[in-house]
Amino acid sequence: MIRKGKDCYRRKMEHQLQQNNICGVWKGLKTISGFKEPKSQPVGDQGQYQGPKGDTGSSEPIGVAGLVGVCGAKGPDGIPGRVLRACSGELAEVLTDIFNLSLAHAVVPTCFKSTSIIPVPKNSKPSSLNDYRPVALTPIITKCFERLVLAHLKSCLPPTLDPHQFAYRQNRSTEDAVSIALHSVLSHLDNKNTYTRLLFIDFSSAFNTVIPSKLITKLTDLGISSLMCNWLLDFLTSRPQHVLSG
C-alpha cells in the first residue's frame, strides 16, 4: 500500500511538472516535508493606498507599514526603514496623499528619483573599474511607492505572459526554471536516439539599455492607461545620481 501510494503521488507530481504547475509541486513538497509558512506581520490600517482613480485593477488596500522593511540599506535621504515603520501611523496619510498626487499629475518628485551609486567589489583584489558592481540605493519611500505601482500594473496586464517565464513573477524562482529545464531534457532523453541542445544567453546591462520611449509604447499596446504610462516615463527619465566611495 505504501509503494502504491508513493507511485501514485510520483505520477501526480510528474503530471504537475508537465503542466508547469509549479505552485502545485511546491505545495506538495511542503506537505511532505511538513514546512509551514511564517505568520505575516499585521499591516497598518491607516493611510491605505487604493490605487489611481478610474483604474480597473485590484483595489485591495495595502497598509504603508506593511511595505517597509527594517533591514534594507537607507537611501540618499538618509532615512532608515525602521524609522518609517515605527512612524507609519503618523506618516501613512501624508505619504498616501503624496503618492496619489504624483499619480494624478504623472510627475515623480526629484527627491524620489535621486540615487546613490555604491561600487561593490566583485573580487577580493579589484584592479580596474570593471571589477566593481554598481549598486543603486534609492529612498525607501520610493521603494514603497514602486511596489504599489508594480502591484497595480500586474493587475492590469493581460494574461499573455509565456508560461516558461520565471523571472519577475510571483512564486517562481531560478530553482523552478532549472527544475523545468531538467525535467524537459531528461524526459526527452528517455526516448531512443535522441539528443538535446541548450542555448544560454546573458544580456549585458539589460536594464541600463532599456529605451523608455519604446517601453512606454509597448505598455500602451498592452492597454495600460496613458496617465500611468506618462508617470512611468517621468519615473525613468531625468534621474539624478551620485557615486559614494570609501
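Strands E1 and E2 pair up in the antiparallel sense, over six bridges. Helices (H or I, at least four residues) and strands (E, at least two) are DSSP runs here, numbered from the N terminus, and two strands count as paired if DSSP finds at least two bridges between them. This is a predicted model, where local features need pLDDT of at least 70 and side-chain atom pairs count only at pLDDT 80 or more, while totals for chains, interfaces and linings use all residues. Residues are numbered from 1 along each chain as its sequence is written, and side-chain values use heavy atoms, with hydrogens and water left out.

Within the E1–E2 pair, Pro-121 sits opposite Tyr-132 of E2. On its other partner, E1 (residues 115-121) runs parallel to E3, and three bridges join the two. Thr-115 faces Gln-241 of E3, and Ser-116 has His-242 of E3 across from it. Put together, that makes an open sheet of three strands in the order E2-E1-E3, with mixed pairing. E2 (132-137) and E3 (241-243) are the edge strands with a single partner each, so one side of each has no neighbour in the sheet. From one strand to the next, the twist averages 30 degrees, taking axes as lines fitted to C-alpha atoms (for helices, over the stretch in contact) and angles from 0 to 180 degrees between N-to-C directions.

Now for helix H9 (residues 226-236), whose buried residues are Met-228, Cys-229, Trp-231, Leu-232 and Phe-235. Looking down the H9 axis, these buried residues fall within an arc of 160 degrees, so they line one face of the helix; the arc is that of the directions from the helix axis to the C-beta atoms. Buried means under 20% relative accessible area and exposed over 50%, with partly exposed in between (1.4 Å probe, protein chains only). The buried residues of H9 pack against H4 (88-105), H5 (110-113), H6 (140-156) and H8 (212-221), with contact meaning heavy atoms within 4.5 Å.

Some of these H9 residues turn up again in the largest nonpolar core, which has 21 residues; Phe-99, Phe-145, Val-149, Met-228, Trp-231 and Leu-232 have the most contacts inside it. Such a core is a set of buried Ala, Val, Leu, Ile, Met, Phe, Trp, Tyr and Cys residues joined through side-chain atoms within 4.5 Å. H4, H6, H8 and H9 each chip in at least two residues of this core, and H6 gives the most, with six. Leaving aside residues up to four places away in sequence, Phe-145 touches Phe-99, Ser-102, Leu-103, Phe-112 and Trp-231. Apart from this core lies another, of six residues, among them Met-13, Val-25, Phe-166 and Ile-180.

Two backbone oddities round things off. Ala-106 is not a glycine, yet has a positive phi of about 55 degrees. Ala-106 is found in the loop between H4 and H5 and is buried, at a relative accessible area of 11%. Ser-238, just after H9, also takes a positive phi of about 55 degrees, again without being a glycine. Ser-238 has its place in the loop between H9 and E3 and counts as exposed, at 63% relative accessibility.
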